[in-house]
Amino acid sequence: MMGQTAVAVKADNFYHQSTNKYSGILSWLLTIDHKRIGLMYMVSIIFFFLVGVIVGVLMRLELMAPGKTIVDAQTYNALFTLHGVIMIFLFIIPGLPAIFGNFFLPIQIGARDVAFPRLNLLSYYLYVIGAVLALLSLVLPGGPIDTGWTFYIPYSVRSTTNISLPLLAAFILGFSSILTGLNFITTVHRLRAPGMGFFKMPLFVWATYATAWVQIIATPVVGITILLVIIERLFGVGIFDPALGGDPILFQHMFWIYSHPAVYIMILPAMGVVSEIIPTFSRRTIFGYTAIAMSSLAIAFVGYLVWAHHMFTSGMSDTARWIFSLLTFLVALPSGVKVFNWVATMYKGSIDPQPPFLWVMAFIFLFSIGGLTGLVLGALATDVHVHDTYFVVAHFHFVMFGGTGTIFFAALHYWFPKMFGRMYNVKFARISVATFFIGFMLLYFPKFIMGYMGMPRRYYDYLPQFANLQMISTIGSWILSGTIFFIVGYLLHALFKGPKAPSNPWGGVTLEWHIQSPPIMENFKTIPTITHEPYDFSQLKEMKNA
Amino acid sequence: MQHENPKHKHHHPGYGTYILVWLALLAFTSITVTIAGVNLGRYTLFVALLIAAIKSSLVVNIFMHIKFEEKIFKVFLALSGMTLVVIFALTFFDFIYR
Amino acid sequence: MRNDHEAVVVEQHVHRDDVGARMGMWLFLFTEVLLFGGMFLVYAVYRYQHTNDFRLAAMELNTGIGTLNTIILLTSSLTVALAIAAIQKKNKFLSILLLSVTILFAFMFMVNKYFEWSAKFEHGIYPGSEELLNRSNGQILFFGLYYVMTGLHGLHVIIGVVILLFILVFIIRDKVTFDNYVKLENAGLYWHLVDLIWIFLFPLFYLIQ
């Protein structure tokens, strides 16, 4: 199947080799190389992430003091919707799979590219189109969408702001996500190198594979839901609108049938990255490989069964409420399996606290807080009390930002030398983990307290008793956003001025560390045959001699 | 690529099988239309869906060749079918007990 | 495949994997199944809540035209399956003929659909019409779903026709041949899915008595 390579070696990495007949910018825009596509995603996703950060900081500035501070109430509604839509649909869902999955999944299984390279490029452009439509809706007459990122009925069919366009954008982004998932599943099934059995795949591949299944099986449900709302708005068809007999709670069901599994799209690849970083910096094979691999599938599966825990106060039946509450606790099992195995891997390892490892430590701490407070929300009785308060906001920022967001930075620091062939300033990186952590705790921890005291989410104004905690939270947002821009700054500096990185700076043993940095086009001169277990560190000696 | 591709060695049915399946599909269609006129009470929906399921399994297995595909295809199919069933069942825990 | 200054040639590996291509197509079909599955869920819930209204409303649909369209789609599924068998047996002409017949059937389906919908419009039953809004909630929902679900299915028929037309050109130009016909197979899979969805739409809308 695989022919022989004909690489004229002068330009020796994928930055200088083109898959098409173009040069310059077109050789990127029309590329079908998975690494280049991954980098294009990276540029776009980080751009939107920074926009989302700025919107978040604006919200915090507004909430710094009671009453009007910098924007009016309608603008504030638009801001929190925008923050949610950008962060969820443009950053955190595509973030890890589209950037690092694209770049490293084929390499880690010993393939030259994904199964459908052109489809991969199409996914990227669908992402761009979706993002552009979402931004366009902000400036068009009608005004930016103000429903919150959940688009709940009936407000989303009544609001006179631009709803249909951002909904269409979400539909297109979903399509992009589906095509990426489809591509990864086929790649994993069809393109593994000889000897790379399913149980020799790195755990990041396992996690991305499980994620891909969630992407293709769950996303269509929200796709059709969104489409139905658009149709309802455009043609006045009665589907969800209660004025025409519809059931708004059915909309909530359909929305969360996707959007709950979607949080596993966000967190599973992050867990995969953690499973890569911990063995590398502990110099020890992963503890419980099979358990971690299987728990990824288990999380993906159980993730389907729990969606209605977002709806405990919506008025659905009591039977459904206790069933979904019970099922929700099941998620804790496979998540616990992962955390315990990670900790067991570190036990008696020789730990090298490089920046990626420090990010992972921050992750385990923050994610555990997020996970445990999730139990408070999953339990029916306590959820009724804290539903739709800052407690929920704090919880999902701990799991999503403290979880996936932190690991986004971990992955960035772990694979940066491989992707760009340059090294960043390790001291800066260590400092930024510390300030990130401080800023994060200041920003989000007070929200647990405010939520418990009854501060509702999405409110423009608040009672004077919350003033101090709101102020602390706002100060945290400055430290956190400052750290993020600092990270972007030193990484950009490293990109152009950093010292050249060796091919294996951390002593990792998965396939990407066997090839040069940055990799060549099509990754391997000859496809490797896999004989070792994925985290067998006895390979390191041979690798050094090679 | 000019030579016979070994990937395509797997068995496919001939014209005759397809036509037989088509005849069966037409037969089931006429059955379901006829039965719709008969009052079966609460079983009406069940019978209609059962016949639709039989028809679709014929299409999936023969027309869509799933019967002749690798095993993993069947696993995939079962997986997505099961997901659909789970979604329906759990949603109805709300609507039935309201 | 060259880059300007250094004239670096990276010859792409010729890599063909028909099983992989079909796997990708099946995965895509699952997303379609789940997409329509979402709508069937809406249908199921509302039918459960408004059983009687659904029955009353469904009686106004034309069972005859529904049955005719079922037969048309089933037959078009047959012809596309036969078109694959024909190309496997190196019978290019027969394959082209069968595929053209499939496309013809698709047009017949759409023409029937057009007459069916316009009859409904003439009776004043369409989304937002006064006639419809005066009816009970269940009937409004039934006709809302009727238009949306058969409409979205119709959209899939149109997309299917476009795909089949492309494949037809490929066969004529020998891009799809007896030993490289996975594109035809995948187009066929898509077309069968359109048929499959109709197999369920038909009893749920036209056969409630």
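User: At roughly what angle do the axes of helix 3 (residues 71-96) of chain B and helix 1 of chain C cross?

Analyst: This is a predicted model, in which local features need pLDDT (the predictor's confidence in each residue, from 0 to 100) of at least 70, side-chain atom pairs count only at pLDDT 80 or more, and totals for chains, interfaces and linings use all residues. Residues are numbered from 1 along each chain as its sequence is written, while chains are lettered from A and ligands numbered from 1 in the order in which they are written. Helices are DSSP runs (H or I, at least four residues; strands are E, at least two), numbered from the N terminus, and axes are lines fitted to C-alpha atoms, for helices over the stretch in contact, with angles from 0 to 180 degrees between N-to-C directions. For helix 3 of chain B and helix 1 of chain C, the axes come within 10 Å, and the crossing is at roughly 20°.

User: Are helix 3 of chain B and helix 1 of chain C roughly parallel or roughly antiparallel, and is the crossing right-handed or left-handed?

Analyst: Angles under 35 degrees count as roughly parallel, over 145 as roughly antiparallel, 65 to 115 as roughly perpendicular and the rest as oblique. Helix 3 of chain B and helix 1 of chain C are therefore roughly parallel. A crossing is left-handed if the near helix is turned anticlockwise from the far one by less than a right angle, and right-handed if clockwise. The way helix 3 of chain B passes helix 1 of chain C is right-handed.

User: Lovely. How many nonpolar residues are in the contact of helix 3 of chain B with helix 1 of chain C?

Analyst: Two residues are in contact if their C-beta atoms, placed from the backbone, lie within 7 Å. Helix 3 of chain B contributes residues including F73(B), F76(B) and L84(B), and helix 1 of chain C residues including W26(C), F30(C) and Y48(C). Ala, Val, Leu, Ile, Met, Phe, Trp, Tyr, Cys and Pro count as nonpolar, Asp, Glu, Lys and Arg as charged, and the others, Gly among them, as polar. The contact has no charged residues, three polar ones, and a nonpolar count of 14.

User: Which elements give two or more residues to the side of chain C that touches chain B?

Analyst: Chain B puts 33 residues into the contact and chain C 34. On the chain C side, the elements that give two or more residues are helix 7 (182-206), helix 3 (63-88) and helix 1 (18-49) of chain C.

User: And how many residues on that side of chain C are nonpolar?

Analyst: The side of chain C that touches chain B includes four charged and nine polar residues. Its nonpolar residues number 21.

User: Turning to chain A, how far apart are the axes of helix 13 (residues 390-420) and helix 14 (residues 426-453) of chain A?

Analyst: Two packed helices are described by the angle between their axes and the distance between the axes. Helix 13 and helix 14 of chain A pack at an angle of about 165°, which makes them roughly antiparallel. The crossing of helix 13 and helix 14 of chain A is left-handed. Their axes lie apart by 8 Å.

User: Which residues of helix 9 (residues 289-302) of chain A make the contact with helix 8 of chain A?

Analyst: Helix 8 (residues 248-282) and helix 9 of chain A pack at about 175° with axes 10 Å apart, and are therefore roughly antiparallel. Helix 8 of chain A offers Y264(A), L268(A), M271(A) and S275(A), and they meet, from helix 9 of chain A, I292(A), S296(A), I299(A) and A300(A).

User: Where is P518(A) found?

Analyst: Most residues other than glycine have a negative phi, and most peptide bonds are trans. The bond from S517(A) to P518(A) is cis, with omega near -15°. P518(A) sits in the loop between helix 15 (467-497) and helix 16 (539-545) of chain A.

User: What is the phi of F151(A) near?

Analyst: F151(A) belongs to the loop between helix 4 and helix 5 of chain A. P154(A), in the loop between helix 4 (117-139) and helix 5 (155-158) of chain A, follows a cis peptide bond from I153(A) with omega near 0°. F151(A), a residue other than glycine, has a positive phi near 50°.

User: Finally, what is the mean pLDDT of chain B?

Analyst: The model scores ipTM 0.93 and pTM 0.93. Over residues 1-9 of chain B, pLDDT stays under 50. In chain B, 89% of residues reach 70 or more, and the mean pLDDT is 88.
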